[in-house]
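Please go through the points below with the sequence and the structure side by side. They are grouped by topic.

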Amino acid sequence: MAGRDSDTAIYKEDKTKAKEKSPSMYKILLLNDDFTPMEFVIEVLKIFFYMNQDEATRIMLKVHTEGVGVCGVYTSDIANTKVKQVVAFARKNQHPLRCVMEEN
């Protein structure tokens with residue numbers, strides 16, 4: 001029986017350590033420019049961030065009026081991949097849309 005108690009204590013300790021070491025999270029931001037059409041920004045938000053029309057429009061208007069809008073918060077690898085996908089998609093469609101990530 002003593003073995004079971006020590007196993008439980010080790011499990012609880014490991015569980016606590018796992019919670020302490022959660023990965024850093026990063027915000028993905030879209031930055032306003034004078035050339036990218038609003039409709040294109042909405043499409044980007046729907047395609048890459050799985051937003052519905054209303055959510056995408058709200059974020060697009062935030063980018064347009066405030067200069068920046070948060071698309072989502074992800075781990076480093078996912079955020080980095082999404083930023084690259086958005087930028088590549090924008091360039092392919094000949095738009096200068098800027099997408100960046102910053103630590104949350």
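In this predicted model, a polar atom of the Asp33 side chain lies 2.6 Å from the backbone nitrogen of Thr36. The Asp33 side chain also has a polar atom 2.7 Å from the backbone nitrogen of Phe35. Asp33 itself sits in the loop between β1 and α2.

**Asp33 and charge**

- Asp33 is buried but has no salt bridge.
- The nearest side chain of opposite charge belongs to Arg91, 7.2 Å away from Asp33. A salt bridge needs a side-chain nitrogen of Lys or Arg within 4 Å of a carboxyl oxygen, so at 7.2 Å Arg91 does not form one with Asp33.
- The polar atoms of the Asp33 side chain are instead found beside backbone nitrogens, those of Phe35 and Thr36.

**Aromatic pairs**

- The model contains three aromatic pairs.
- Phe40 and Phe89 make a stacked pair, because their ring centres are 5.4 Å apart and their planes meet at 10°. Planes under 30 degrees apart count as stacked.
- This pair links distant parts of the chain, with Phe40 in helix α2 and Phe89 in helix α4, 49 residues apart.
- The two partners fall into separate burial classes: Phe40 is buried because its relative accessible area is 11%, and Phe89 is partly exposed because its value is 23%. The cut-off for buried is under 20%.
- Phe49 and Tyr74 form a tilted pair, with 6.4 Å from centre to centre and 40° between the planes.
- Phe49 belongs to helix α2 and Tyr74 to strand β2 (residues 68-75), so this pair ties together parts that are 25 residues apart in sequence.
- Both Phe49 and Tyr74 are buried.
- Phe40, Phe48 and Phe89 are joined into a cluster by ring pairs.

**Positive phi angles in loops**

- Which sign of phi do most residues other than glycine have? Most of them have a negative phi.
- Tyr50 is not a glycine, yet has a positive phi of about 55°. Tyr50 is placed in the loop between α2 (38-49) and α3 (53-66).
- Tyr50 is exposed, because its relative accessibility is 67% and the class begins over 50%.
- Gln94 is also not a glycine and has a positive phi of about 60°. Its place is the loop between α4 and β3 (98-103).
- Gln94 counts as exposed because its relative accessible area is 72%.

**Surface and a chain contact**

- Which residues form a nonpolar patch on the surface? Met25, Val70 and Val73 do, and together they have about 200 Å² of accessible area.
- Met25 is part of strand β1 (residues 25-31). Met25 counts as partly exposed, because its relative accessibility is 32%. A patch takes residues with over 30% relative accessible area, so Met25 at 32% meets that cut-off.
- How far apart are the C-alpha atoms of Gln85 and Cys99? They are separated by 9.5 Å, while the two residues are 14 residues apart along the chain.
- Gln85 lies in helix α4 (residues 76-92). Gln85 is partly exposed because its relative accessible area is 38%.

How values were computed
Residues numbered from 1 in each chain as written. Predicted model: local features only at pLDDT ≥ 70, side-chain atom pairs only at ≥ 80, totals over all residues. Heavy atoms only, no water. Patch = residues over 30% accessible without salt bridge, like charges linked within 9 Å, V, L, I, M, F, W, Y side chains within 5 Å. Areas by Shrake-Rupley, 256 points an atom, 1.4 Å probe, with all protein chains shown as cover. Helix = DSSP H or I, 4+ residues; strand = E, 2+ residues; numbered from the N terminus. Buried < 20%, exposed > 50% of the residue type's maximum accessible area, 1.4 Å probe, protein only. Phe/Tyr/Trp six-rings, centres within 6.5 Å; stacked < 30°, edge-to-face > 60°. Lys, Arg positive; Asp, Glu negative; His and termini not counted. Polar contact = N/O pair within 3.5 Å; in protein donor to acceptor, adjacent residues only side chain to side chain.
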